[in-house]
Each structure stands twice: as structure tokens, then as C-alpha cells.
Amino acid sequence: MLSPSLEDYLEEVYRLSLNKKEIRNKDIADVLNVSMPSVVKGLKKLKNMGYIKYEPYEKIEVLEKGKKRGKFLVERNRILRQFVDVIGSKCDEKAEAEAMEHYLCISSIKSIEKLVSFFNNNPEIEKEFRNYNIESILENDDIEYR
């Protein structure tokens with residue numbers, strides 16, 4: 001079982017593997033804004049779990065198990081970002097998706113994906129929802145949720 005921080009490391013390793021020939025510890029540390037020792041510790045754990053091939057000072061290779069899970073993690077993040085956009089939340093989509101992604105079960109993610117797809121395939125309903133959402137916010141603008 002991957003912890004939320006290991007999921008973040010694997011997600012970024014996978015994402016970087018799609019765009020770069022070589023992935024280095026520093027790449028991961030820069031993207032996740034974490035220390036190099038934290039990256040090394042995370043990579044060693046991912047290696048021991050069979051997700052990546054990793055040796056210090058060598059390039060990082062994503063193994064088949066890592067590719068499968070990494071693809072899921074990247075897709076989950078994409079779905080949640082789209083969801084935040086569809087519901088019209090006025091927040092940092094990236095940060096909000098990151099806050100949600102580790103705490104929702106697969107069933108909830110799949111349901112959110114269906115909702116996003118439904119709105120994408122029915123732009124008139126999405127527009128109606130956005131109008132309703134704006135009116136609702138204007139009516140309740142004095143309510144503070146956080």
C-alpha cells in the first residue's frame with residue numbers, strides 16, 4: 001500500500017518519465033518542493049515495492065508495475081482538476097486536486113469521472129449548472145465555510 005507521499009513521488013516520477021529521457025532526484029525534489037534526502041528515501045521505498053528501478057547517481061526507470069500505478073495517479077489528478085473546474089470552485093485547481101486525491105476511494109473517483117464526462121458531453125446542462133451555481137453563491141455570499 002502506497003502512502004500519500006509515496007503516491008506523490010510515483011506520480012511525479014511517472015509524469016517526468018513521459019517527458020524526459022532521464023529522471024534525476026533533483027527533478028523530483030524541484031517539482032514536489034521537498035528535500036533531496038526525502039526523495040532518496042521515497043525512491044528507495046518505491047524500488048523495494050517494485051515500482052521503479054533506482055540506484056543512487058543513476059537514472060530512474062519506471063517498471064511496468066510503476067507505469068500502471070503512475071498512469072492511474074496522473075489520471076486521478078486530471079479527473080479531480082476537471083471536477084474542481086466543472087463545479088466552478090474559485091480555488092487553485094492543482095492544490096485542491098492534491099488535497100482530495102489521497103482521501104477519495106476508487107468508487108468516488110469513478111463517479112466524479114462520470115459526472116465530469118456527463119457535463120463535458122452536455123454543455124447546455126453544464127452552462128445551466130454554472131448559472132445556478134453563480135446565483136447560489138451570490139445568494140449565500142455571506143456564508144464562510146472555512
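Here is a walk through this predicted model, from the overall outline down to a few single residues.

Two notes on bookkeeping come before the tour. Because the model is predicted, local features need pLDDT of at least 70 and side-chain atom pairs count only at pLDDT 80 or more, while totals for chains, interfaces and linings use all residues. Residues are numbered from 1 along each chain as its sequence is written, and side-chain values use heavy atoms, with hydrogens and water left out.

Let's begin with the big picture. The protein chain holds 7 helices and 2 strands; here helices (H or I, at least four residues) and strands (E, at least two) are DSSP runs, numbered from the N terminus. Read from that end, the order is α-α-α-β-β-α-α-α-α. The C-alpha trace spans about 55 × 30 × 25 Å along its principal axes. The radius of gyration of the protein chain is 18 Å, whereas a compact globule of 146 residues would have one near 15 Å. That radius is taken over C-alpha atoms, and the globule rule is 2.2 Å times the number of residues to the power 0.38.

What about inside and outside? Of the 146 residues, 33% are buried; buried means under 20% relative accessible area, exposed means over 50%, and partly exposed is in between (1.4 Å probe, protein chains only). The protein chain exposes about 9,900 Å², and carbon and sulfur atoms supply 53% of that. These areas come from the Shrake-Rupley method with a 1.4 Å probe, and for residues only the protein chains shown count as cover. As for charge, there are 26 positive and 27 negative side chains, and the centres of the two sets lie 10 Å apart. Lys and Arg count as positive and Asp and Glu as negative, with His and the chain ends not counted; each charge is placed at NZ of Lys, CZ of Arg, CG of Asp or CD of Glu.

Now for the interior. In soluble globular proteins, nonpolar side chains tend to be buried together. In this model the largest nonpolar core has 20 residues, and L10, V13, I28, L43, L46, I52 and I60 have the most contacts inside it. Such a core is a set of buried Ala, Val, Leu, Ile, Met, Phe, Trp, Tyr and Cys residues joined through side-chain atoms within 4.5 Å. Two or more residues each come from α1 (4–19), α2 (25–32), α3 (36–48) and α4, and α1 gives the most, with 6 residues. Apart from this core lies another, of 11 residues, with F83, V86, M100 and I109 among them.

L10 is a good place to zoom in. Setting aside neighbours within four places in sequence, L10 is in contact (heavy atoms within 4.5 Å) with L2, L46, Y51, I52, G66, R69, G70 and L73. On a longer view, among contacts in the protein chain between residues at least 6 apart in sequence, 57% join residues at least 24 apart.

Stay with helix α1 for a moment, where E12 is also found. Is this glutamate buried or exposed? E12 counts as buried, at 10% relative accessibility. Beyond its neighbours within four places in sequence, E12 is in contact with V31 and L32.

That brings us to α2, where N25, D27, I28 and A29 are buried. The buried residues of α2 pack against α1 and α3. After α2 comes N33, in the loop between α2 and α3. N33 is not a glycine, yet its phi is positive, about 55°; it is exposed, with a relative accessible area of 70%. Y57 has a positive phi as well, near 65°, and is likewise a residue other than glycine. Look for Y57 in the loop between β1 (52–53) and β2 (61–62), where it counts as exposed at 80% relative accessibility.

Two more glutamates round off the tour. E75 sits in helix α4 (residues 64–86) and is partly exposed, with a relative accessible area of 30%. E75 and E11 are 64 residues apart in sequence, but 9.6 Å apart in space, C-alpha to C-alpha. E98 belongs to helix α5 (residues 93–101) and is partly exposed too, at a relative accessible area of 28%. Not counting residues up to four places away in sequence, E98 touches D8 and N77. The C-alpha atoms of E98 and R81 are separated by 8.8 Å, with their positions 17 residues apart along the chain.
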